[in-house]
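Thanks, everyone. Let's get straight into it. Have a look at the structure first.

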Amino acid sequence: MHHAAHPPYAPETFRALTFHDAVPRFRDGGDTPRAYLERCLETIAAREPEVMAFAFLNADGARAAADASTARYRAGKALSPIDGLPIGIKDLYETRDMPTGMGSALFKGNHPVRDSALVQALRAAGAVITGKTVTTELGMSHPGPTRHPMDPRRTPGGSSSGSGAVIAARMLPAAIGSQVVGSVVRPASFNANWALKPTQGALNRGERQGYSQSTVGVHAGCPEDMWAVAVEIAKRVGGDPGAPGLFFTGEDAPPAFRPRRLAVLETEGWAVAHPGAIAAFDQALAALRAQGVAVLRRGDHPLLEALERRVADAMALSRDVCAYESAWSVANLMAKDAEGLSDSLKARFAVGCSVTLAQYRALLLQREEMRRALAAMGAEVDGFIGLAACGPAPLLGDTGGSSLGITHTTGNPAMNTASSALGCPVVTVPILAVDGMPVALAVSAQQHQDERAAAIARWIAGAVPPIAL
């Protein structure tokens, strides 16, 4: 395929599609949800042949939902702040009017004819479910067809490949992703998304409860839309069973909050991070210090050093925990059609089968010790800051971060595994560029402090000038 040349990404000029600022025009009749959707569909028609972000596009269903939303605005009876919002659903989550293929040939034509909890919530809030976005094979590491909208030679990241890409391509203002290791934060960084990877269990995963680290996330073009989608899900279906759900003090995105002290969380990804990404990050830290924010590095505080040491092997821990937890379900697929599975998934299955119950218990203890080390920093800093990925999106086929036959060709997740194991919230702030491609900052906080992470992220976006190296 011939790829058209794309201009370099410039964080100071790139504008993703946003929704919240269109709502006043819906209310006064200057615009309608149906017209907004049609603009999205025009962009999808233009970009989708190259980007390949959708596993299924339901234009007819979306138009019907947008028409119903338009009627509600005309009657002054909008259901929520996201009434009329076109949104994509990662193709791991069930939708009654679309198949759920999960990025695997074994699920081609799979059509449960029911909605996942989060999809029910979005429909009840008036959101326009526009299509299913491409995921990697079963949400793991074997890639799907999606290409990076800003450079089709590169991966958009995974496993939320399509969800990250539809934001970068300005196809939609929001999309649902999910993360077990790095599947929200990394593609968000690659695609210049605002994204929330919430506290573990804060948004209801519906039928997808199989992993102890799996979390529903939100990709969006701005923090207002990101937060509104998360809140409207939480208001209607809460979090996972037994979890208290997302905490929020109002429907609006939390106002910018200037932190007093931030701690840099390097994680094991620091050792393999792109030099340009580290240089851009250091410039961002200098800008924060110039605003009077105290920034701690690991050598500055013994509790921070202890946390860094605890999370130093989060990637191996996450690999083994997740492989163990999924082994029984992959065994069913192996029995059904082993040839339909990638070599990478088979390698993951072998790892899962090799982990004993005693080893799994030890891994859970190790993870709990990581979380205790995080909690110990709770009174020391307002939040944490780091890189959301090891660098810009790598070229297709790059295998950085692969181990034990499990291949990572959607980008090395090493910078994301700590937050997944810690179960803490992360918000991406897309204000960096390296080699003409996006890189995001990652703002994290203690568990259940999602609102604080979002508030600090908004402040940083206004306080730190865009940086391009």
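Start with the sheet. Strand β5, residues 194–197, pairs with β6 through three bridges, and the two run antiparallel. Trp-194 stands opposite Ala-220 in β6. One caveat before I go on: this is a predicted model.

Stay on β6. How many of its residues are buried? Six of the six, so β6 is largely enclosed by the rest of the structure. Both of its faces are covered. One side carries Thr-215, Gly-217 and His-219. The other carries Val-216, Val-218 and Ala-220.

Now the next strand, β4, residues 174–179. Six bridges join β4 to β6, residues 215–220, and this pair runs antiparallel. Gln-179 stands opposite Thr-215. Ser-178 has Val-216 as its bridge partner.

β4 is mostly covered as well, with six of its six residues buried. Both faces are covered here too. Ala-174, Ile-176 and Ser-178 are on one side. Ala-175, Gly-177 and Gln-179 are on the other.

β4 also pairs with β2, residues 86–90. That takes three bridges, and the strands run parallel. Ile-87 in β2 has Ala-174 in β4 as its bridge partner.

After β2, look at the loop between β2 and α4, where Ser-116 sits. Is Ser-116 buried or exposed? Its relative accessible area is 1%, so Ser-116 is buried. Leave aside neighbours within four places in sequence, and Ser-116 is in contact with Tyr-93, Glu-94, Arg-205, Gly-206 and Glu-207.

On to the helices. α4 and α7 have axes 8 Å apart and pack at an angle of about 105 degrees. They are therefore roughly perpendicular to each other. From α4, the contact uses Ala-117, Leu-118, Ala-121, Leu-122 and Ala-124. From α7, it uses Val-229, Glu-232, Ile-233, Arg-236 and Val-237. By class, the residues of this contact are eight nonpolar, no polar and two charged.

α7, residues 223–237, has another partner in α14, residues 450–463. Their axes come within 11 Å and cross at roughly 170 degrees. Angles over 145 count as roughly antiparallel. So α7 and α14 are roughly antiparallel to each other. Pro-223, Glu-224, Met-226 and Trp-227 in α7 meet Asp-450, Glu-451, Ala-454 and Arg-458 in α14. This contact divides into four nonpolar, no polar and four charged residues.

While we're on α14, find Gly-462 in that helix. Its relative accessibility is 68%, so Gly-462 counts as exposed. Its C-alpha is 8.5 Å from that of Ala-256. Those two residues are 206 apart along the chain.

Last topic: the cores. In soluble globular proteins, nonpolar side chains tend to be buried together. Here, the largest nonpolar core has 111 residues. Which residues have the most contacts inside that core? They are Leu-122, Ile-176, Val-229, Leu-288 and Ile-460.

Take Leu-288. Setting aside neighbours within four places in sequence, Leu-288 is in contact with Leu-262, Val-293, Val-295, Ile-385, Trp-459, Ile-460 and Val-464. Apart from this core lies another, of 22 residues, among them Leu-265, Leu-304, Ala-314 and Met-370.

Some names come back. Leu-122 and Val-229 belong to the contact of α4 with α7, and both are listed for the largest core. Ile-176 is on a covered face of β4, and Ile-176 is on that core list too.

That's it from me. Over to you.

Technical notes
Residues are numbered from 1 along each chain as its sequence is written. This is a predicted model: local features need pLDDT of at least 70, side-chain atom pairs count only at pLDDT 80 or more; totals for chains, interfaces and linings use all residues. Side-chain values use heavy atoms; hydrogens and water are left out. Axes are lines fitted to C-alpha atoms, for helices over the stretch in contact, and angles run from 0 to 180 degrees between N-to-C directions. Helices (H or I, at least four residues) and strands (E, at least two) are DSSP runs, numbered from the N terminus. Angles under 35 degrees count as roughly parallel, over 145 as roughly antiparallel, 65 to 115 as roughly perpendicular and the rest as oblique. Contact means heavy atoms within 4.5 Å. Ala, Val, Leu, Ile, Met, Phe, Trp, Tyr, Cys and Pro count as nonpolar, Asp, Glu, Lys and Arg as charged, and the others, Gly among them, as polar. A nonpolar core is a set of buried Ala, Val, Leu, Ile, Met, Phe, Trp, Tyr and Cys residues joined through side-chain atoms within 4.5 Å. Buried means under 20% relative accessible area, exposed over 50%, partly exposed in between (1.4 Å probe, protein chains only). Two strands pair if DSSP finds at least two bridges between them.
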